[in-house]
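Grab a pencil and open the structure in your viewer. Try each exercise yourself before you read the solution under it.

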Amino acid sequence: MMPSLHRNFAIVAFATLLTAPLFAQQETPETNRKVTGGGITVKGWQGKVDADAEKAGQTVNDAKLTAEGKVLQVTTGPAITYWSPKNKAKGDYKVSATFTEPKFMNLNTHPHPYGIVIAGNGMGTADQSYIYCAAYGNGNFIVRGFGPEPFQLNGRREANDAVHKAAGVGQPVTQEIAMQVKGDTVSCIINGTTVKSFPKSDLITAGKLKSTDGLYGIRFAHNTDATVSNLKVTKP
């Protein structure tokens with residue numbers, strides 16, 4: 001019995017040594033890139049990098065927002081939120097867009113999210129507030145906000161079968177992402193499936209949202225490269 005027991009312990013220990021570095025590598029924090037030729041060239045659009053990037057001296061010029069026709073191209077840099085002051089939504093509405101990562105994890109060592117922003121108030125200021133629904137190309141999603149300090153609504157991330165997975169690193173992956181306000185409910189919808197919903201009363205409160213009425217836009221994590229098409233607001 002004892003030799004067999006020792007052998008089993010040895011196998012487990014060896015497997016742990018093999019797998020631990022792989023998981024550690026996936027979660028290793030990455031340094032924010034500085035995108036060459038960065039800035040915003042899409043007429044009327046604005047942006048703001050996250051507070052930690054600002055403290056490190058980074059600006060919107062360290063990420064890039066361009067357009068080819070009606071398709072937006074985003075390359076980051078620091079984590080950033082983009083919006084146009086003309087893009088406003090109030091009452092009941094649904095903001096949606098198609099996000100395509102042409103090469104999954106092209107600029108990062110582990111998956112990073114991108115998605116839809118709504119309920120933007122005070123955007124570009126130290127007192128801004130908004131909420132966003134974002135997808136990862138590995139089947140996870142996150143719902144998070146700023147009010148103005150960050151607040152989490154489904155932890156750091158959550159898996160859902162509705163979220164598309166890239167076939168592998170360097171392969172394309174596309175997500176249809178939407179945020180909807182309908183009645184007393186705010187929902188995150190990915191590829192046609194409601195993956196998370198919240199009562200308005202849980203969101204419009206101190207330290208979170210000022211209102212669900214406000215500007216809408218897009219949100220990208222750091223070191224990410226993707227396109228955004230068909231950004232629109234409709235009635236749910």
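Below are four exercises on this predicted model, each with a worked solution.

**Exercise 1: the disulfide**

Find the cysteines that form a disulfide, and work out which strands they tie together.

*Solution.* Start with the count: the structure holds one disulfide. Now look for the sulfur atoms. Those of Cys133 and Cys188 are 2.0 Å apart, which is within the 2.5 Å cut-off for a disulfide. Next, place the two residues. Cys133 sits in strand S8 and Cys188 in strand S13 (residues 185-190), so the bond ties together parts that are 55 residues apart in sequence. Last, are these cysteines buried or exposed? Buried means under 20% relative accessible area. Cys133 comes in at 0%, so Cys133 is buried. Cys188 also has 0% relative accessibility, so Cys188 counts as buried too.

**Exercise 2: the sheet around S13**

Starting from S13, trace the hairpin and then the order of the open sheet.

*Solution.* Step one is the neighbour: S13 runs antiparallel to strand S14 (residues 193-199), and six bridges join them. To check the register, take Ile189, which stands opposite Thr194 in S14. Step two is the turn. S13 and S14 form a hairpin with two residues between them, and Asn191 in that turn has a positive phi of about 50 degrees. Step three is to zoom out: eight strands make up an open sheet with mixed pairing, in the order S1-S3-S4-S16-S6-S12-S13-S14. Strand S1 (39-40) and S14 each have a single partner strand, so one side of each is left without a neighbour in the sheet. Step four is another pair in that order. Strand S3 (residues 63-68) and strand S4 (residues 71-76) are antiparallel, with six bridges. Leu65 has Val74 in S4 as its bridge partner.

**Exercise 3: the aromatic pairs**

Classify the Phe99–Tyr114 and Tyr130–Tyr132 pairs by the angle between their planes.

*Solution.* The structure has five aromatic pairs; we'll take two of them. For Phe99 and Tyr114, the centres are 6.0 Å apart and the planes differ by 20 degrees, so call the pair stacked, as the angle is under 30 degrees. Phe99 belongs to strand S6 (residues 93-101) and Tyr114 to strand S7 (residues 114-121), so this pair ties together parts that are 15 residues apart in sequence. Both Phe99 and Tyr114 are buried. Now for Tyr130 and Tyr132: 6.4 Å centre to centre with 40 degrees between the planes, which makes the pair tilted. Tyr130 is buried at 1% relative accessibility, and Tyr132 is buried at 4%. One extra step: follow the ring pairs from Phe99, and you get a cluster of Phe99, Tyr114 and Phe220.

**Exercise 4: the largest pocket**

Describe the largest pocket by its volume, its lining and the residues nearest its centre.

*Solution.* First, the volume: about 1000 Å³. Second, the lining: 37 residues, with Asp50, Asp52, Ala79, Arg144 and Arg219 nearest the centre. Third, sort the lining by class, which gives 17 nonpolar, eight polar and 12 charged residues. Fourth, see which elements contribute. Strand S2 (46-49), helix H2 (51-55), strand S8 (129-135), strand S9 (140-146) and strand S10 (150-152) each supply at least two residues. H2 gives the most, with four residues. To link back to the first exercise, S8 is also the strand that holds Cys133.

Terms used: Residues are numbered from 1 along each chain as its sequence is written. This is a predicted model: local features need pLDDT of at least 70, side-chain atom pairs count only at pLDDT 80 or more; totals for chains, interfaces and linings use all residues. Side-chain values use heavy atoms; hydrogens and water are left out. On a 1 Å grid over the protein atoms alone, a cavity is a set of points where a 1.4 Å probe fits but cannot get out, and a pocket is an open set with protein on both sides within 12 Å along at least five of seven lines; lining residues have an atom within 4 Å of a point. Grid points are joined across faces, edges and corners, and a volume is the space filled by probe spheres set on the points. Ala, Val, Leu, Ile, Met, Phe, Trp, Tyr, Cys and Pro count as nonpolar, Asp, Glu, Lys and Arg as charged, and the others, Gly among them, as polar. Buried means under 20% relative accessible area, exposed over 50%, partly exposed in between (1.4 Å probe, protein chains only). Two strands pair if DSSP finds at least two bridges between them. Rings of Phe, Tyr and Trp (its six-membered ring) pair if their centres lie within 6.5 Å; planes under 30 degrees apart count as stacked, over 60 as edge-to-face and the rest as tilted.
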